[in-house]
Amino acid sequence: MNIAIVCYPTFGGSGVLATELGKALADKGHNIHFITYQQPVRLSGFHANIFYHEVRVPTYPLFDFPPYETALASTMVDVITNNNIELLHVHYAIPHAAAAYMAKQILAKEGLYIPVITTLHGTDITLVGRDKTYKPVVTFSMMESDILTAVSKNLKEETYKNFEIDKDIEVIYNFVDVKRFNKKPVDAFKKLIAPNGEKIIVHASNFRKVKRVEDVINTFLLLNEKLPSKLLLLGDGPERPFAESICRDCVAATNIKFLGKQEQMEDILPLADLFLFTSEYESFGLAALEAMAAEVPVISTNAGGLPEINIDGVTGYMTNVGDVEDMCNKALEILKDKATHDIFKANALKQAKRFDIDNIVPQYEKLYERLLVKI
Ligand code: GMT
């Protein structure tokens with residue numbers, strides 16, 4: 001199949017998932033055309049079936065806000081027309097679903113039918129999309145998509161709760177390439193981070209308010225009083241300066257490191273003994289799934305779709321949002337001895353395998369086939 005994928009190119013989960021999906025489909029022989037404004041971060045290396053089309057947004061003194069959606073829709077039309085694209089799969093509703101609708105209408109006038117799949121990822125529904133500034137357009141473009149998918153049951157429910165739509169939403173869970181993440185940690189790196197065998201606690205996110213990174217730090221500070229440990233914070237975003245400022249003056253400052261954005265998560269996650277995920281909401285929690293694939297137990301909140309991934313008392317523990325004492329106690333429970341830790345680690349990996357790339361990507365392929373048969 002010739003498929004166009006539209007996504008954000010950044011470190012956010014939706015862009016990561018879309019890129020990994022495109023790469024997996026290309027490996028299966030499909031031709032994948034990425035359309036976005038920058039090379040997606042997880043799109044490195046050469047692949048004969050992968051094409052990248054950059055959306056250019058010309059500026060003009062009149063434009064206080066350069067019209068990205070218009071440029072995107074025009075690029076979609078161009079890519080679809082010139083590459084025999086059979087379907088358009090857009091990730092994250094805003095503004096991709098609306099631009100896809102526009103492209104579809106333009107192409108229809110030229111006698112070309114192009115089906116559109118919109119995959120909802122989370123904040124496009126739960127945070128930004130339901131804001132009344134965007135809601136009418138998001139509602140309309142969801143309704144006009146040929147197929148709507150959500151990355152968890154929770155996100156499907158949230159969509160019905162927040163939008164008046166009577167369209168079926170299919171749940172296709174996010175996935176991880178377990179083989180890639182389930183690597184042996186490099187001992188030399190582990191020694192560098194934790195020279196005296198301290199436990200390594202990891203958090204990864206885009207440091208937005210919804211992630212509650214201060215809860216990660218406060219949980220770690222409690223834990224560090226009781227257990228020799230190190231905290232690695234991966235990623236970057238608006239809350240990072242605040243998070244760094246809390247750490248700078250704290251007693252455990254030398255045990256906390258901000259590593260910033262990292263492309264090779266599969267090299268870092270296997271070093272971890274525990275992954276902390278303190279979000280107020282997660283539609284899915286791809287970062288937690290990648291940790292599990294690296295055999296790392298997860299302490300997460302019980303918000304949104306997280307209970308669909310993290311099994312309380314099995315792959316880690318879940319706590320109420322903000323309950324840092326509980327998070328610390330649960331971390332101590334997992335790390336109390338090697339035997340207990342090993343059970344949680346094995347369970348985390350087993351659970352990640354349920355979401356393995358080989359189980360999930362065929363679900364998208366089936367969906368595409370269904371859509372093309374309909375034409
Ligand atoms: O977490 C973010 O803020 C980024 C956001 C995105 O769209 O890039 O992530 C959302 O999509 C991910 C991939 O489907 C999910 O794993 C995240 O849980 C979801 N984030 C939220 O719902 C807050």
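A cavity, as the word is used here, is a set of grid points where a 1.4 Å probe fits but cannot get out. With that in mind, let's walk through this predicted model, starting with its enclosed space.

How many cavities of 30 Å³ or more does the structure hold? There is one, and the volume of this largest cavity is about 70 Å³. If you would like to find its walls in the viewer, begin with Val16, Leu17 and Glu20, which are among the lining residues. Arg42 also belongs to the lining, as do Phe175, Val176, Asp177, Arg180 and Phe181. Leu286, Glu290 and Ile357 complete the set. Three elements each give two or more residues to this lining: α1 (13–27), α7 (178–181) and α12 (286–293). Of the elements, α1 supplies the largest share, with three residues.

What classes of residue make up the lining of the largest cavity? Seven are nonpolar and five are charged, while no polar residue takes part. Both domains have a hand in the lining, too: domain 1 (2–175 + 356–373) and domain 2 (178–354) each contribute at least three residues.

Now let's turn from the cavity to a pair of helices. Look for α3, which spans residues 93–109, and α5, which spans residues 135–144; their axes come within 9 Å and cross at roughly 55°. An angle from 35 up to 65 degrees is neither roughly parallel nor roughly perpendicular, and α3 and α5 are therefore oblique to each other. As for the hand of the crossing, α3 passes α5 in a left-handed manner.

Definitions and conventions
Residues are numbered from 1 along each chain as its sequence is written. This is a predicted model: local features need pLDDT of at least 70, side-chain atom pairs count only at pLDDT 80 or more; totals for chains, interfaces and linings use all residues. Side-chain values use heavy atoms; hydrogens and water are left out. On a 1 Å grid over the protein atoms alone, a cavity is a set of points where a 1.4 Å probe fits but cannot get out, and a pocket is an open set with protein on both sides within 12 Å along at least five of seven lines; lining residues have an atom within 4 Å of a point. Grid points are joined across faces, edges and corners, and a volume is the space filled by probe spheres set on the points. Helices (H or I, at least four residues) and strands (E, at least two) are DSSP runs, numbered from the N terminus. Ala, Val, Leu, Ile, Met, Phe, Trp, Tyr, Cys and Pro count as nonpolar, Asp, Glu, Lys and Arg as charged, and the others, Gly among them, as polar. Domain bounds come from an automatic or database domain assignment. Axes are lines fitted to C-alpha atoms, for helices over the stretch in contact, and angles run from 0 to 180 degrees between N-to-C directions. Angles under 35 degrees count as roughly parallel, over 145 as roughly antiparallel, 65 to 115 as roughly perpendicular and the rest as oblique. A crossing is left-handed if the near helix is turned anticlockwise from the far one by less than a right angle, and right-handed if clockwise.
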